[in-house]
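Got your viewer open and a selection box ready? Let's take a walk through this one, stop by stop.

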Amino acid sequence: MNKADLLNTKQMAEFASNGFIRFDDVLPLDLCAEIKAIFDANSAAGRGPMGSPLSGIWPEDSPMYRMIYQPRVRGMIESLVGPDSRYDHHAVHKTPGGKLEAQGLHADAEIDVREDAFDIQLSIFVHDTPLEMGGTRFLPGSHFRRVHESQVGRYQHVKGMYQVVCKAGTVVAWHHNLWHGAQPNFTDEMRYMFKLRLNPTVKQQLLWNTDDLDDAGVNGILFHGQPWYGQENRIEQFNRIRLWRFLTNNPTFDTALWYGRVENEPQ
Amino acid sequence: MKRQQLLFLYLGNSAPDSSAIGWSIYDGTGKEKPPTAVDSPPPYDSVLAAMLDGWRVIQVPTLKPDLQGQEYHTDYLTFEYVLERLEDCDE
């Protein structure tokens, strides 16, 4: 794996803070066209069951494999869930043109009680997705919230909601707990979004390019907060400290004594 | 004929005059559908502002201590107010 294709520490901090990271121009347009044809033909199925190594799901010479093993996509995957990640499932999400309702906000699967380990989901956009076509909306910073799937469905608007409006070839890697939903499609064309869920098979510590581990800009990214946190902002910063301690294998990481203060119990 | 409109306002803290950080509307008259644009601003900046415009508060968030060991866990939006307004509606 080429180091340059891995995430750097600032990008990892962005993921830890927002719960997702987006990269544009990751996939070549000719490959995007090949993949879109596969989606049109409903032939994106893999050959392995859930829980299999990702490397064996699609044949190495297939466009699907080439998409996932594009160096920058592979770099995202290995930085977040390590090499030899486990295939969980995939889905080709289709939103027909003229679907005018937004999908209710939700978190995927069940309440996940893991403290530190996490799965990732890749959202891959193989055609242009302009504003009128929708794109997925994500609530930045919602990945620490333990909620039960669509029980957040009555939240129509939360300040800071982010909508993916993008060109073909864009990839978003997101924490499995992040709240999200499909936006309406006001065009008359089908919208595709390919989703791939992956599980780690190694401890998710220092898997990225750590050359900039001590960069002074990391804390600013990690603790920038969200406009919807209100007075829970401080608790959310505790969550980030805890995750960063895990990711960096540094059990004393802290900012402004936030955790150190409440851990201080002299004997 | 009167029909009920429900407005959910999510605030930054428990005070009714604190700033809205989220909102939803469900219109029992059938006249309006909620906007889908992600940057749609809340119709009011606070619950108090909505009250001044005639909305009635029918639920305020309960303040409860966190369970021991769960103090640093977060889940749903904490400060959810529910307001109603009765609007004329054709049969």
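What follows is a tour in a handful of selections, starting with chain B and ending with salt bridges.

**Stop 1: chain B on its own**

One thing to keep in mind throughout: this is a predicted model. Hide chain A for a moment and show chain B as a cartoon. You'll find one helix and four strands, and following the sequence gives you the order β-β-α-β-β. Its C-alpha trace spans about 55 × 25 × 20 Å along the principal axes. Of the 91 residues in chain B, 37% are buried. If you compute a contact map for chain B, look far off the diagonal: among contacts between residues at least 6 apart in sequence, 64% join residues at least 24 apart.

**Stop 2: B:Ser40**

Bring chain A back and select B:Ser40, in the loop that runs between strand 2 (20–27) and helix 1 (47–52) of chain B. Is B:Ser40 buried or exposed? It's buried, at 13% relative accessible area. Its side chain reaches the backbone oxygen of B:Ala37 at 2.7 Å. Leaving out neighbours within four places in sequence, B:Ser40 is in contact with B:Trp23, B:Pro35 and, from the other chain, A:His157. That last one leads us to the interface.

**Stop 3: where the chains meet**

Select the residues on either side of the contact: 36 come from chain A and 29 from chain B. Together the two chains bury about 2,700 Å², with 51% of it on carbon and sulfur atoms. Which three residues of chain A supply more of its buried area than any other three? Color A:Arg154, A:Gln156 and A:His157: they account for 28% of the area that chain A buries against chain B.

Now turn on polar contacts. Between chain A and chain B there are 20 residue pairs in polar contact, counting pairs with both residues at pLDDT 80 or more. On the chain A side, strand 5 (157–158), helix 6 and helix 7 (258–262) each supply at least two residues, and helix 6 gives the most, with four. Color that side by residue type and you get 17 nonpolar, ten polar and nine charged residues.

How many salt bridges cross this interface? The rule finds one. Zoom in on B:Glu80 and A:Arg154, whose closest N and O atoms are 2.7 Å apart. B:Glu80 is buried, at 8% relative accessible area, while A:Arg154 counts as partly exposed at 40%.

**Stop 4: the nonpolar cores**

Move on to the inside. The largest nonpolar core has 53 residues, and those with the most contacts inside it are A:Trp58, A:Met67 and A:Trp244. Helix 6 (residues 233–248) of chain A gives the most to this core, with six residues. There's also a second, separate core of 17 residues; it includes A:Leu139, A:Val147, A:Trp179 and B:Val82.

Now center on A:Trp58 and expand the selection. Beyond its neighbours within four places in sequence, its contacts include A:Tyr65, A:Ile68, A:Tyr87, A:His90 and A:Phe194.

**Stop 5: helix 4 of chain A**

Select residues 71–81 of chain A. This helix is mostly covered, with eight of its eleven residues buried; among them are A:Val73, A:Met76, A:Ile77 and A:Leu80. The buried residues pack against several elements of chain A, including helix 1 (9–18), helix 3 (63–68) and strand 9 (191–199). Just after the helix comes A:Gly82, with a positive phi near 85°.

While you're here, show A:Arg74 and A:Glu78. Their side chains meet in a salt bridge at 2.9 Å, N to O. The two are separated by about one helical turn because they sit four residues apart in helix 4. A:Arg74 is partly exposed at 33% relative accessibility, whereas A:Glu78 is buried at 15%.

**Stop 6: other salt bridges**

Over all chains the structure holds 22 salt bridges. For another pair within a helix, try A:Lys36 and A:Asp40, with closest N and O atoms 3.5 Å apart. They are four residues apart in helix 2 (residues 29–40) of chain A, about one helical turn. Here A:Lys36 is partly exposed at 28%, and A:Asp40 is partly exposed at 44%.

For the last selection, pick A:Asp88, A:Asp112, A:Arg114, A:Asp119 and A:Arg197, and show their side chains as sticks: they are linked in a network of salt bridges.

Note on methods
Residues are numbered from 1 along each chain as its sequence is written. Chains are lettered from A and ligands numbered from 1 in the order in which they are written. This is a predicted model: local features need pLDDT of at least 70, side-chain atom pairs count only at pLDDT 80 or more; totals for chains, interfaces and linings use all residues. Side-chain values use heavy atoms; hydrogens and water are left out. A nonpolar core is a set of buried Ala, Val, Leu, Ile, Met, Phe, Trp, Tyr and Cys residues joined through side-chain atoms within 4.5 Å. Buried means under 20% relative accessible area, exposed over 50%, partly exposed in between (1.4 Å probe, protein chains only). Contact means heavy atoms within 4.5 Å. Buried area is the accessible area (1.4 Å probe) that two parts lose on being put together, summed over both. A salt bridge is a side-chain nitrogen of Lys or Arg within 4 Å of a carboxyl oxygen of Asp or Glu. A polar contact is a pair of N or O atoms within 3.5 Å; within protein, one must be able to donate a hydrogen and the other to accept it, and residues adjacent in sequence count only if both atoms are side-chain atoms. Ala, Val, Leu, Ile, Met, Phe, Trp, Tyr, Cys and Pro count as nonpolar, Asp, Glu, Lys and Arg as charged, and the others, Gly among them, as polar.
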